[in-house]
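User: Could you take me through one part of this structure in close detail? I am a first-year student, so please explain the terms as you go.

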Amino acid sequence: MDPRLYSWFSSMFTAFCFMLKLACKCEICHAYLTSSWTKEFDNLCDWFTHLLEKSATGTIHIHVLGNTITANPENVEHILKTRFENYPKGKPFAAILGDLLGKGIFNVDGDSWKFQRKMASLELGSISIRRHGFDIVSSEIQSRLLPLLSSVSGKQQVLDLQDVFRRFSFDNICKFSFGLDPGCLELSLPVSEFAEAFDLASRLSAQRGRASSPLIWKLKRLLNLGTEKQLKQAIKLVDELAQKMINQRREKGFSDRNDLLSRFMGTINDDKYLRDIVVSFLLAGRDTVASGLTSFFWLLSQHPEVESAIREELERVVRSSDGRQQIASYDQMRDMHYLHAALCESLRLFPPIQFDSKFALEDDILPDCTFVRKGTRVTYHPYAMGRMERVWGPDCLEYKPGRWLKDGRYVPENPFKYPVFQAGQRVCLGKEMALVEMKCVVLAIISRFNIRVPNPKQTPRFAPGLTANVRGGLPVLVQEKAIVS
Ligand code: HEM
């Protein structure tokens with residue numbers, strides 16, 4: 001790049017940030033712009049939690065981002081349900097993720113969203129498809145996850161469990177969405193071009209959302225500079241590989257297939273639209289599940305009593321005598337209330353999607369009397385909500401699966417108090433499937449292996465991205481249990 005252009009661009013950027021700092025004198029914005037919050041907090045989400053806890057209404061404003069952030073369940077219900085029509089994803093969000101997600105379900109409102117939601121609900125809501133998902137997951141566990149863990153067992157070889165779960169969930173979501181297997185969790189842990197390009201593209205797209213002004217990344221995109229250049233290249237690769245998958249699916253035939261792509265192919269001829277739909281599903285189902293499993297095993301390493309309780313429940317439900325049950329049946333899993341509670345509780349403290357934003361179409365007033373000007377970004381924050389005393393009580397920071405149980409049975413919470421899967425009209429469509437996938441993995445691993453986290457007290461530091469990923473992953477040591485005869 002021409003050095004003069006670079007220097008012009010840098011000075012524009014510096015001048016712009018300086019103007020913003022001058023324009024907003026509030027302490028929070030100053031701390032955001034100068035990153036001074038990092039002196040006290042490891043993660044941005046922890047700093048926001050602290051600010052939200054201190055706020056009398058549970059709502060704060062980051063003026064320089066034009067963002068109103070709330071952890072107030074009544075506000076969340078208002079945004080996601082009562083005044084749903086006033087809080088679409090909006091054009092700014094569509095612009096940030098548009099290059100990667102196109103017109104996929106995550107990135108659209110209105111008729112296009114309604115159409116995809118209807119099709120996807122039919123697909124994900126049917127019992128036969130859920131069982132199909134269960135079969136895919138069970139086979140990935142038996143043929144890849146367990147052999148991989150066995151291969152490192154007892155060897156003092158550190159394994160990054162987060163990486164394993166990301167590979168695992170990528171294989172599953174690709175098989176489920178395209179009917180094709182990328183084989184990321186093969187024993188050799190191969191590098192997948194597709195997974196890598198997809199990761200880079202989601203990370204760099206998320207980075208756009210953190211810029212103080214969209215002008216910055218839009219200008220970089222126009223000039224094809226730095227991270228925008230990298231993003232363009234990564235998306236190009238995602239496009240090529242997605243196209244290859246669409247072509248393969250077409251060649252193999254799709255009329256009698258169960259996967260999502262085949263279903264949509266029956267009604268849609270436009271390959272770009274098919275690509276967009278499928279990419280949204282990859283994003284939805286890959287990192288979320290991996291992130292949920294990673295934090296679950298981190299919490300489990302500090303709570304052996306929870307692991308014992310899950311094992312007891314498994315033995316009671318499956319009534320197997322050989323002590324090596326690997327996977328409970330789909331129906332048996334429904335009776336495992338404690339396991340369900342343990343997962344919900346872990347997702348409360350570590351939601352894979354830590355915050356989610358909408359844009360107000362018209363002026364509005366939230367139930368806590370916060371005024372929202374038309375065009376404002378309004379964010380609800382599941383991560384902060386899970387850690388608020390006023391929402392979950394004085395023991396809010398403790399990992400206690402029992403809070404979800406009454407007489408041993410799981411009792412669901414108000415979804416607006418626990419919007420981990422969002423809530424209202426756009427509630428996650430893959431919730432049941434995700435929980436079944438996570439349960440299968442937990443049962444398979446804890447009934448056969450001891451997982452030791454060498455450094456369990458180290459609190460997670462999250463890498464910036466669309467989904468919560470822990471920097472440095474989750475290094476563990478694996479030991480296969482002795483067979484009980
Ligand atoms: C622990 C795992 C998961 C969590 C925590 C989760 C959470 C969420 C959240 C918060 C949203 C709203 C996002 C937004 O609108 O910006 C969402 C939407 C969605 N999720 Fe999930 N999800 C998970 C797994 C899955 C899986 C496995 C699938 C698919 C197989 C899936 C499919 C979807 C779809 C299609 C939407 C879009 C719904 C719409 O816009 O109408 N999710 N999910």
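**A close look at helix α3**

Analyst: Happy to! The secondary structure of the chain comes to 20 helices and 13 strands; these are DSSP runs (H or I over at least four residues for helices, E over at least two for strands), numbered from the N terminus. This is a predicted model, where local features need pLDDT of at least 70, side-chain atom pairs count only at pLDDT 80 or more, and totals for chains, interfaces and linings use all residues. Residues are numbered from 1 along each chain as its sequence is written.

Now to α3, which spans residues 44-54. Its residues F48, T49, L51 and L52 are buried, a term for residues with 20 or more other C-beta atoms within 10 Å of their own (exposed means 12 or fewer, partly exposed lies in between, and C-beta atoms are placed from the backbone). These residues sit on the same side of α3 because they cover an arc of only 165° around the axis, taken from the directions from the helix axis to the C-beta atoms.

What lies over that side? The cover of the buried residues includes the helices α2 (27-34) and α18 (382-385) and the strands β1 (59-62) and β2 (67-70). Here, contact means that the C-beta atoms of two residues, placed from the backbone, lie within 7 Å.

Stepping back to the chain, 40% of its 485 residues count as buried. Of the contacts with a separation of 6 or more, 74% join residues 24 or more positions apart. Along the principal axes, the C-alpha atoms fill a box of roughly 70 × 60 × 45 Å.
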